[in-house]
Amino acid sequence: MHVVVVGCGRVGSQLAIALEDGGHSVSVIDKNRNAFRWLPEGFGGKAIHGFGFDRQHLEQAGIREAEAFAAVTNGDNSNILSARIARETYEVPNVVARIYDPKRAAIYQRLGIPTVAAVAWTTDQVLRRIFSERSVSEWSDPSGRVMLLERALPDEWAGRKLGELDEGDRYRLVALSRRGEGRLAIPGLVGQEGDILHLLVRRDAIDELETRLHNPTEGSRR
């Protein structure tokens, strides 16, 4: 996929490198031309001197073809403005913004813009939000037999009862995050676009869970 990264500091450059190493095309925008020194020699992506909220610079970065967008500068206002333009004007499906103020982060998450506060910031967390179709391990028991996975709700599950994600001792939904707020899974809970699922699953049932997530009409027990 093509990804636009705004900000070429330590986080932005590491993110761009990780994406390119993963086989993705990348464009990096930064208002400071010297910031591109963080990129390695031979970097194959685009380095654009400009602003992430300037539509001309975004167009140069290939925003119309982008499937993901990450605003990771040191400024909350710039990141949110850039993220909103990417989401609302260009309809980029996967958008994440770096936010230093946790209170503001919660507000923007309720608006549907995934954020990561600086106190908990890692490149891996951005990648987890860009590649929302991946399940990511949050915890495992000492034996490694049981895991807690984080997974974005697939579009096909919006409007369906999430109680269907319960296969006894194989896997089950235990909680979800909705617009920045956590809640425990209860009977009758219906999935909404943007939900983040937290599922307990046996290691030998992960593939079974992924199949179920991709095929909501198959194997329904409730």
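**Entry 1. Arg 160 and Glu 164**

I began with Arg 160, which is partly exposed at a relative accessible area of 21%. The model is a predicted one, and I read every value below with that in mind. Arg 160 makes a salt bridge to Glu 164, and the closest N and O atoms are 2.7 Å apart. Is Glu 164 buried or exposed? Glu 164 counts as buried, because its relative accessibility is 8% and the cut-off for buried is under 20%. Arg 160, at 21%, is partly exposed. I then searched the whole structure and noted 10 salt bridges.

**Entry 2. The salt-bridge network**

I looked for salt bridges that share residues. Asp 169, Arg 170, Arg 202, Asp 204 and Glu 208 are linked in a network. I took two of its pairs in turn.

The side chains of Arg 202 and Asp 169 meet at 3.5 Å, N to O. Arg 202 belongs to strand β11 and Asp 169 to the loop between β8 and β9, so this pair ties together parts 33 residues apart in sequence. Arg 202 is buried, with a relative accessible area of 17%. Asp 169 is exposed, with a relative accessible area of 56%.

Which residue does Arg 170 pair with? Arg 170 forms a salt bridge with Glu 208, with the closest N and O atoms 2.8 Å apart. This pair also links distant parts of the chain: Arg 170 sits in the loop between β8 and β9, Glu 208 in helix α6 (residues 206-214), and 38 residues separate them. I checked the cover on both partners. Arg 170 is partly exposed at 23% relative accessible area, and Glu 208 is partly exposed at 32%.

**Entry 3. Strand β11 and its neighbours**

Arg 202 led me to β11, which spans residues 196-202. I asked how many of its seven residues are buried. The count is five, and the strand is mostly covered.

Next I listed the strands that pair with β11. Strand β8 (residues 146-152) pairs with β11 in the antiparallel sense over seven bridges. Ala 152 stands opposite Ile 196 of β11. Strand β9 (residues 171-178) also runs antiparallel to β11, and six bridges join the two. Here Tyr 171 has Val 201 of β11 as its bridge partner.

I also looked up Leu 176, which lies in β9. Leu 176 is buried, with a relative accessible area of 0%. Between Leu 176 and Ala 152 I noted a separation of 24 residues in sequence and 9.4 Å in space, C-alpha to C-alpha.

**Entry 4. Ala 158**

I went back to the loop between β8 and β9 for Ala 158. Ala 158 counts as partly exposed at 38% relative accessibility. How far apart in space are Ala 158 and Gly 191? Their C-alpha atoms are 4.7 Å apart, while 33 residues separate them in sequence.

**Entry 5. Nonpolar cores**

In soluble globular proteins, nonpolar side chains tend to be buried together. I looked for such groups here. The largest nonpolar core has 21 residues, and those with the most contacts inside it are Val 4, Ile 29, Leu 58, Ile 63, Phe 69 and Val 92. At least two residues each come from β1 (2-6), β4 (68-71), α3 (76-89) and β5 (94-99). Which element gives the largest share of this core? It is α3, with four residues. A second core, separate from this one, has 20 residues, including Val 3, Val 5, Phe 43 and Val 126.

**Entry 6. Helix α1**

I checked the span of helix α1 (residues 10-21). Its 12 residues reach 16 Å from first C-alpha to last, close to the 16 Å expected at 1.5 Å a residue. The buried residues I noted in α1 are Val 11, Gly 12, Ser 13, Leu 15, Ala 16 and Leu 19. An α-helix has 3.6 residues a turn, so residues three or four places apart point the same way. Gly 23, just after α1, takes a positive phi of about 90 degrees.

**Entry 7. A nonpolar patch on the surface**

Last, I looked for nonpolar side chains at the surface. Phe 51, Phe 53 and Leu 81 form a patch there, with about 250 Å² of accessible area together. Phe 51 lies in the loop between β3 (46-49) and α2 (55-60). Its relative accessibility is 38%, so Phe 51 counts as partly exposed.

Technical notes: Residues are numbered from 1 along each chain as its sequence is written. This is a predicted model: local features need pLDDT of at least 70, side-chain atom pairs count only at pLDDT 80 or more; totals for chains, interfaces and linings use all residues. Side-chain values use heavy atoms; hydrogens and water are left out. A nonpolar core is a set of buried Ala, Val, Leu, Ile, Met, Phe, Trp, Tyr and Cys residues joined through side-chain atoms within 4.5 Å. Buried means under 20% relative accessible area, exposed over 50%, partly exposed in between (1.4 Å probe, protein chains only). Two strands pair if DSSP finds at least two bridges between them. The expected span of a helix is 1.5 Å times one less than its number of residues. Patches are made of residues with over 30% relative accessible area and no salt bridge: like charges are joined within 9 Å, nonpolar side chains (Val, Leu, Ile, Met, Phe, Trp, Tyr) within 5 Å. Accessible areas come from the Shrake-Rupley method with a 1.4 Å probe; for residues, only the protein chains shown count as cover. A salt bridge is a side-chain nitrogen of Lys or Arg within 4 Å of a carboxyl oxygen of Asp or Glu.
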